[in-house]
Amino acid sequence: MSSLLSSKFRPAGVLPFVLFCLAVALIPAGCTGALWNDPYPPEDDKQAVLYQSFAERPKHLDPAVAYSENEYAFIAQIYEPPLQYHYLKRPYQLVPLTVTRLPEITYYDRQGQKLAPDANPQGIAYSDYLLEIKPGIRFQPHPAFAQDQGGQYRYHQLDSGKIDSLSTLSDFAETGTRELTADDYVYQIKRLAYPKTQSPIAEIMKGYIVGFDEFARQSADKPRTALRTLPMSGVEVLGRYRYKIRIKGKYPQFSYWLAMPFFAPMPWEADAFYGQPGLDDKNVTLDWYPVGSGPYYLAENNPNRRMLLLKNPNFHPESYPVEGEPGDAEKGLLKDAGKPLPFIDKVVFTLEKETIPSWSKFLQGYYDASGIASDSFDQAVQFTGGGITLTDSLKEKGIRLQTSVETSIFYMGFNMLDATVGGDSEMSRKLRQAIAIAVDYEEFIAIFRNERGVPAQGAIPPGIFGNESGEAGVNRYVYDWNNGKPQRKSIEAARRLIAEAGYPNGIDPKTKAPLILYFDTVATNADDKPLMNWYRKQFQKLGIQLVIRATDYNRFQQKMSSGNAQIFTWGWNADYPDPENFFSLLYGPNGKVKQSGENAGNYRNPEFDHLFEQMRNMENGRLRLEIIRQMQEIIRRDAPWVFGFHPKTFSLYHGWTSNLKPNLMANNRTKYIRIDPVQRAELRKQWNRPVLWPLAIGGAVLILLLMPAVSAYRRRTHRPVSDALKIQTEATR
Amino acid sequence: MIYYIIRRLLYAVPILLGINVLTFVLFFVVNSPNDMARMQLGLKHVTPQAIQNWKQQHGYDKPLLWNEKAKGGDKLTETIFYRKTVGLFLFRFGVSDSGRNIGADIRQRMWPSLALALPTLAVGLLVNIGFALLMVLFRGSYLEFGGLVLCVILMSISSLFYIIGGQFAIGKLMKLVPISGYDEGFGAFKFLILPVVIGVVSGIGSGVRWYRTLFLEEVGKDYVRTARAKGLTETQALFRHVLPNAMIPILTGVVVVLPLLFMGSLIMESFFGIPGLGSYTIDAINSQDFAMVRAMVFLGSILYVLGLLLTDVSYTLVDPRVRLS
């Protein structure tokens with residue numbers, strides 16, 4: 001035994017072990033010609049597979065519940081709401097997806113009389129949205145539809161023994177499908193209302209869809225299977241392919257909701273199948289295994305490792321857009337015009353929690369697209385006189401950069417209920433205006449966001465109706481228009497304002513000391529210290545002492561809900577491309593403290609509220625723009641927000657991808673993307689040839705180092721006992 | 001010994017109950033059911049009614065530990081603590097607050113964790129013991145001194161550096177193995193080489209020094225001197241006498257962590273994209289998912305108790321003088 005062990009340990013070292021493992025693992029790869037570091041099966045090499053990564057596992061895949069970007073990345077490829085956004089045209093435009101045409105909208109007064117399309121919104125009691133879906137659309141293959149020869153559903157009455165033997169959805173041997181009907185859309189709206197679904201938009205829709213609230217009350221104590229037969233007064237099936245939704249009053253933005261997965265069809269069979277007791281113990285639930293009619297279906301669901309989408313064999317005919325906006329044809333975006341979608345057969349999403357491995361794999365060609373994390377920013381892009389360009393190493397790889405300004409805003413808000421910074425007095429307004437000038441968001445974007453942002457001039461982000469570029473869109477209370485661009489007003493102007501506000505040089509006349517303001521934040525990490533110092537310095541320009549009150553997320557939310565925060569930062573991402581979505585954040589009746597709404601700063605201005613009520617029901621046009629300008633002017637003057645910035649997204653794509661155009665509203669973009677797998681396979685081979693010489697050198701160095709040790713070992717093991725005892729004595733000493 | 005094991009298992013019941021109470025209290029000191037609902041419902045359009053609905057549906061609308069309004073035994077049972085805790089003792093982990101079955105998740109995720117942790121432990125143990133024995137063999141020489149210096153250097157380097165450096169050198173520059181990822185079955189092998197090597201190398205510094213200390217203590221004892229006097233070579237003395245006699249402290253360190261290998265390694269799994277249990281608890285804390293937190297704390301406690309019990313039992317196997325009663 002001892003000799004065995006000693007011979008094992010004689011060359012002890014990590015390197016031989018490493019070499020052994022490498023050899024065992026890589027010899028098969030070497031024999032097949034596969035790349036050693038290829039994380040994917042070699043047979044996928046030349047297929048139209050799109051490789052993407054995701055950093056955060058989705059919480060929900062039920063379209064009635066999912067509401068975040070990382071969830072939409074999956075379900076928007078699987079579920080099909082009636083409408084979608086045109087992939088190429090800007091400004092964003094709704095087009096039919098599963099319906100034959102855009103909804104037919106009819107207005108009615110309180111007496112049920114039909115009104116003209118241009119009727120006064122005040123007189124409109126109801127709006128009917130009539131939708132007609134295309135015949136022949138079929139759901140993806142799914143066990144919920146599988147039937148036996150007698151027409152009975154094969155898997156709707158599973159016994160516990162059968163359920164115990166299952167572990168995933170793919171364990172069901174048979175699948176089936178059926179045609180999509182209007183019933184499926186209506187059923188989904190009922191699911192939204194059903195309290196046990198916990199849909200995040202249920203409370204909003206109560207205010208719009210007729211009978212929604214009543215249905216929620218009636219269905220509260222009923223099983224899910226009862227939803228199908230329980231009627232909702234405002235939603236009606238008019239035929240196999242037609243259905244109607246009745247909305248309270250006029251709400252033009254409802255069409256945008258119809259482009260979100262919330263309103264995607266859901267077959268009743270799905271609930272009947274997944275509702276069987278025991279399946280949820282296996283995580284086989286509708287929340288994890290979608291049933292859609294979209295271009296892809298979820299073939300593998302392991303949110304801890306990999307999500308796999310495969311082309312839906314039942315996908316209905318849909319073609320690539322034949323027209324776009326000017327310049328699209330020149331960019332090659334119309335090369336595939338009219339061709340059937342989708343172009344990709346398989347989409348592999350791999351969980352990558354850390355940015356470093358994800359970035360390295362993108363550079364090796366194992367991901368087709370990547371964002372740019374802050375720690376790899378310098379490797380990816382450089383700032384030149386002509387703007388932002390890719391670094392030479394990335395250009396050599398044929399990588400392309402796409403930038404787009406998000407339809408989001410990050411702002412610094414004031415609690416308008418606060419005695420110091422809030423209220424509608426002229427003094428508090430001037431204090432806020434002074435702060436708006438002093439907090440230099442151009443500097444913020446340069447320091448903390450690597451220039452990835454656009455300073456905001458108002459509440460509406462670029463790309464949404466009402467956002468104006470150039471001189472017309474400048475916030476005159478914070479910027480001057482100089483040499484064809486906005487220039488932040490000098491700090492002197494801000495100091496004058498703060499003096500007029502009653503705080504000359506930032507001194508509070510009551511205490512004769514610098515005015516103290518409180519910044520409430522969740523930034524509790526050590527990494528946030530530079531940012532907090534930066535905020536302090538911005539306020540110090542005015543002589544104001546900013547006290548940072550950093551708390552955890554829960555305490556922060558409580559402060560916001562109870563109105564105990566003073567100054568805070570907040571953000572909003574567009575639900576749909578309409579100014580109403582952003583102005584609603586400043587609408588008085590949406591106040592956070594009193595109404596638990598999304599108006600985080602509790603701003604209330606009757607004039608603004610009145611204009612909002614007018615604007616929200618209007619179609620886009622000159623008159624609406626005029627009202628929006630007035631609203632922008634009011635909030636720029638009142639300054640309930642320091643309009644921070646609109647984030648800018650930097651996306652990188654390899655040269656083998658095409659048909660890529662940033663579209664911040666459409667989540668179902670995957671079906672338009674094209675891959676050249678042959679080019680990808682060739683480039684991957686070039687970029688990933690194993691480099692073995694460092695191993696050889698390392699091995700040689702180690703052997704050289706071990707030689708004296710081996711020699712010493714031999715001497716020692718052949719030493720006479722007396723010498724050994726001598727060593728023992730020395731060691732003891 | 002059977003009685004001893006039964007007794008120890010019974011001792012574990014109040015310990016586990018205490019751990020549950022402590023976890024419960026600590027969790028709800030920081031998070032209220034309203035906070036949990038808000039976190040699960042997302043950032044937009046969260047109304048008080050939606051929060052109330054969520055709490056009712058997930059059983060968080062009851063008092064925490066004592067229901068004053070209930071009668072008799074319901075005062076205790078109609079509480080969040082009772083409803084959420086009793087099932088744990090029957091190993092029913094229930095459903096997470098986001099709707100996933102926790103037991104199924106654990107069963108799925110513990111194997112990748114084990115696939116990484118077990119070879120890292122086994123290979124690490126062999127390498128560390130091997131190096132430690134070599135250093136004892138060469139004690140008093142420049143080789144031992146050099147080895148010690150190397151160990152201190154290896155100990156001084158952050159584990160994060162090993163991971164990033166290993167991925168950079170072996171995965172990115174030399175392109176020998178995938179930088180991250182995982183596969184089922186034997187396909188996992190090429191993804192595990194790098195994390196296992198890094199796990200072993202990063203543990204060499206502290207591991208070798210620890211085992212060297214154990215062996216040095218043994219090597220100075222009389223029975224080793226006697227063995228040498230009988231004519232055994234230094235190697236024979238080390239492997240036949242020193243190593244078996246140093247097994248008790250080695251077992252203490254090793255057997256106790258065996259059950260915990262299922263729990264995974266947060267950083268390694270995160271960087272190498274291994275879908276194990278390492279990040280499960282952290283994800284649960286970040287998402288304020290009490291169902292997951294309590295399940296993982298309970299599981300961790302049970303495994304630790306089990307590890308201690310196994311350690312005691314293993315003593316009897318390596319040291320005939322130890323008797324459990």
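## Strand pairing, helices and loops

Q: Which residue of β24(A) does Asp520(A) stand opposite?
A: Strands (E, at least two residues) and helices (H or I, at least four) are DSSP runs, numbered from the N terminus. Two bridges join β22(A) to β24 (residues 567-573) of chain A, and the strands run parallel. Two strands pair if DSSP finds at least two bridges between them. In β24(A), the residue opposite Asp520(A) is Phe568(A).

Q: What is the mean pLDDT of chain A?
A: This is a predicted model: local features need pLDDT of at least 70, side-chain atom pairs count only at pLDDT 80 or more, and totals for chains, interfaces and linings use all residues; side-chain values use heavy atoms, with hydrogens and water left out. Residues are numbered from 1 along each chain as its sequence is written; chains are lettered from A and ligands numbered from 1 in the order in which they are written. pLDDT is the predictor's confidence in each residue, from 0 to 100. In chain A, 93% of residues reach 70 or more, and the mean is 91.

Q: Over which residues of chain A does pLDDT stay under 50?
A: Where pLDDT is low, predicted coordinates should not be read in detail. The model has 22 contacts (heavy atoms within 4.5 Å) beyond four places in sequence for this stretch, which is residues 1-14.

Q: Which helix does the chain pass through from β22(A) to β23(A)?
A: β22 (residues 516-521) and β23 (residues 545-550) of chain A run parallel, joined by six bridges. Leu517(A) stands opposite Leu546(A). The β-α-β crossover is right-handed (clockwise from the first strand over the helix to the second, with the strands pointing away from the viewer), and the helix is α16 (residues 529-540) of chain A.

Q: Which strands stand at the edges of the sheet β5-β4-β6-β8-β7 of chain A?
A: This open sheet has five strands with antiparallel pairing. Each edge strand has a single partner, so one side of it is left without a neighbour in the sheet; the edges are β5 (114-115) and β7 (235-237).

Q: How many bridges pair β6(A) with β8(A)?
A: Tyr129(A) stands opposite Ile245(A) in β8(A). β6 (residues 126-132) and β8 (residues 242-248) of chain A run antiparallel, and the number of bridges is seven.

Q: At about what angle does α5(A) run to β7(A)?
A: Axes are lines fitted to C-alpha atoms, for helices over the stretch in contact; angles run from 0 to 180 degrees between N-to-C directions. Helix α5 (residues 182-193) of chain A lies across β7 and β8, and its angle to β7(A) is about 160°.

Q: At which residue does α9(B) bend by about 50°?
A: At 1.5 Å times one less than its number of residues, a straight helix of 31 residues would span 45 Å, but α9 (residues 189-219) of chain B spans only 39 Å between its end C-alpha atoms. A bend is the angle between axes fitted to the seven residues ending at a residue and the seven starting there. Here the bend is at Ile204(B).

Q: Which residue does a cis peptide bond join to Leu341(A)?
A: Most peptide bonds are trans. Omega of this cis bond is about -5°. The partner lies in the loop between β10 and β11 of chain A; the partner is Pro342(A).
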